[in-house]
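Colleague: Could you take me through one part of this model in some detail? I'd like to begin with a single residue and then work outwards.

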Amino acid sequence: MTSRFRILGRKKFRFGLITTGLVGTTTGYYYYSKKHHNNTTTENSNGDSEELVGQVSQTHAKKPLLFQWSSIPKLIEKRYDPNWKGENGWLWNVGNTVVVGGVGMVAKVFLKYLENTRVYNLDKLMEIVEQEDRNRALITVSNHESVWDDPILWGVLPLEILLTPHKMRWVLGAADICFTTLFRSLFFALGQAIPTIRGSGIYQPGVDFAIHKSNQNGWIHIFPEARVNQTTSMIRFKWGVGRIIMESDRCPIVIPVWHNGMAQVRPLNGPPVRFFKPITLAFGDPIDFQDTLNAWKKGEITETEARIKITSTIFEALAELRDKTLRMKHDLESGIVSDNEGDLKDTIKP
């Protein structure tokens, strides 16, 4: 009997090792091609008719779209129609768990053993993610340093969350990178990516689907900079996050997420990966926009004013979180006990 269990244990170990290897290989191939693609397309960000936060929209000459929604394979495209009445079969559910969980485990190993990762205030996120009876969506919003930001940074999550796809995030991703072939489309659909079309603005099917997931109380992650930004300053935020919040049936919970170091781990130019670099990841306090939504619905402010206010508030919250985390990180590295110590909980490792 003991020998039998040993054999079964070895088989399970081998299966897990093979699965993780396949997922890691597939992810590596994708990000290699994504890096190459981003070197030539990062300046053409999503929704180029949208303006800097706080400015009134102006008219811009439209550039030809890099990708059309109709270019997504029909087998996958239909799944992003909010009116789709189909159901996920057992095979899809297994694939969903393998991709989300497998990539998550690779990310966890990567952050824990191959990089120097420090995490602040993860409990602020987990309190919301783990709520079984949550009756509104969760939206996380972060800066975008690297093509590896998602999914690698989610390796800080507990293993039980990584292996539970319905608790994991849906992320808006560039369709002209993630959904160009049937294989890629299938992989990223199973990985809970939402295709967005560069240059189509905020009124496009991908944003419609994000609103649909919000109405199902899902978790949606957004990079409002809409492109990789490896400079020291945040760039303008797109208004898509404002539309999702405004058109959700119930006001979502919004958590700002700031990170630093992924630009050194996965630079746009240079080696494909660098190991043992310092990575910092911080989660901010939840933001509630109910008062802003009430003012808009009562006609006290216009739709444009509400969208600007929401996006500006998120921008400012993320900038504040960045500054607070950098001060905390500096104090910890210098051995200084500062007033910031009570604001950010240092969990050190994923």
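Colleague: What relative accessibility does Gln131 have, and does it count as buried, partly exposed or exposed?

Modeller: Gln131 comes out at 36% relative accessibility, so it counts as partly exposed. The cut-offs are under 20% relative accessible area for buried and over 50% for exposed, with partly exposed in between, using a 1.4 Å probe and protein chains only. Before going on, keep in mind that this is a predicted model: local features need a pLDDT of at least 70 and side-chain atom pairs count only at pLDDT 80 or more, while totals for chains, interfaces and linings use all residues. Residues are numbered from 1 along each chain as its sequence is written, and side-chain values use heavy atoms, with hydrogens and water left out.

Back to Gln131, which sits in the loop between helix 4 (122-129) and strand 2. Helices (H or I, at least four residues) and strands (E, at least two) are DSSP runs, numbered from the N terminus. Lys167 is 36 residues from Gln131 in sequence, with 9.4 Å between their C-alpha atoms.

Now for the wider setting. The chain has 13 helices and eight strands, and 53% of its 350 residues count as buried. If you take contacts as heavy atoms within 4.5 Å, then among those with a separation of 6 or more, 79% are between residues 24 or more positions apart.

Strand 2 (138-142), the one that follows Gln131's loop, leads us to helix 10, as it is among the elements covering the buried residues there. Others in that cover include helix 9 (205-215), strand 5 (219-222), strand 6 (253-260), helix 12 (290-297) and helix 13. Helix 10 is mostly covered, with seven of its eight residues buried: Gly240, Val241, Gly242, Arg243, Ile244, Ile245 and Met246.

Take helix 13 next. Two packed helices are described by the angle between their axes and the distance between the axes. Axes here are lines fitted to C-alpha atoms, for helices over the stretch in contact, and angles run from 0 to 180 degrees between N-to-C directions. For helix 10 (residues 240-247) and helix 13 (residues 303-334), the axes come within 9 Å and cross at roughly 115 degrees. Helix 10 and helix 13 are therefore roughly perpendicular to each other, on a scale where under 35 degrees is roughly parallel, over 145 roughly antiparallel, 65 to 115 roughly perpendicular and the rest oblique. The crossing is right-handed, i.e. the near helix is turned clockwise from the far one by less than a right angle, where anticlockwise would make it left-handed. On the helix 10 side, Val241, Gly242, Arg243, Ile245 and Met246 take part, meeting Glu303, Ala306, Arg307, Ile310, Thr311 and Ile314 of helix 13. That contact divides into six nonpolar, two polar and three charged residues. Here Ala, Val, Leu, Ile, Met, Phe, Trp, Tyr, Cys and Pro are nonpolar, Asp, Glu, Lys and Arg are charged, and the others, Gly among them, are polar.

Helix 12 also packs on helix 13: their axes come within 9 Å and cross at roughly 170 degrees. That makes helix 12 roughly antiparallel to helix 13. Thr292, Leu293 and Trp296 of helix 12 make the contact with Glu303, Ala306, Lys309 and Ile310 of helix 13. By class, you get four nonpolar, one polar and two charged residues.

Helix 9, another part of helix 10's cover, brings in the aromatics. Rings of Phe, Tyr and Trp (its six-membered ring) pair if their centres lie within 6.5 Å; planes under 30 degrees apart are stacked, over 60 edge-to-face, the rest tilted. By this rule there are nine aromatic pairs. Tyr80 and Phe209 make an edge-to-face one, 5.0 Å centre to centre with 70 degrees between the planes. This pair links distant parts of the chain, 129 residues apart, with Tyr80 in the loop between helix 2 (74-77) and helix 3 (90-114) and Phe209 in helix 9. Tyr80 is buried at 3%, and Phe209 counts as buried at 5%. Tyr80 and Phe209 share one aromatic cluster with Trp170 and Phe179.

Last, some backbone oddities. Asn217, in the loop between helix 9 and strand 5, has a positive phi of about 65 degrees although it is not a glycine, and is partly exposed at 23%. Ala226, in the loop between strand 5 and helix 10, is another non-glycine with a positive phi of about 65 degrees. A cis peptide bond joins Asp150 and Pro151, with omega about 15 degrees, and Pro151 lies in helix 5 (residues 149-152).
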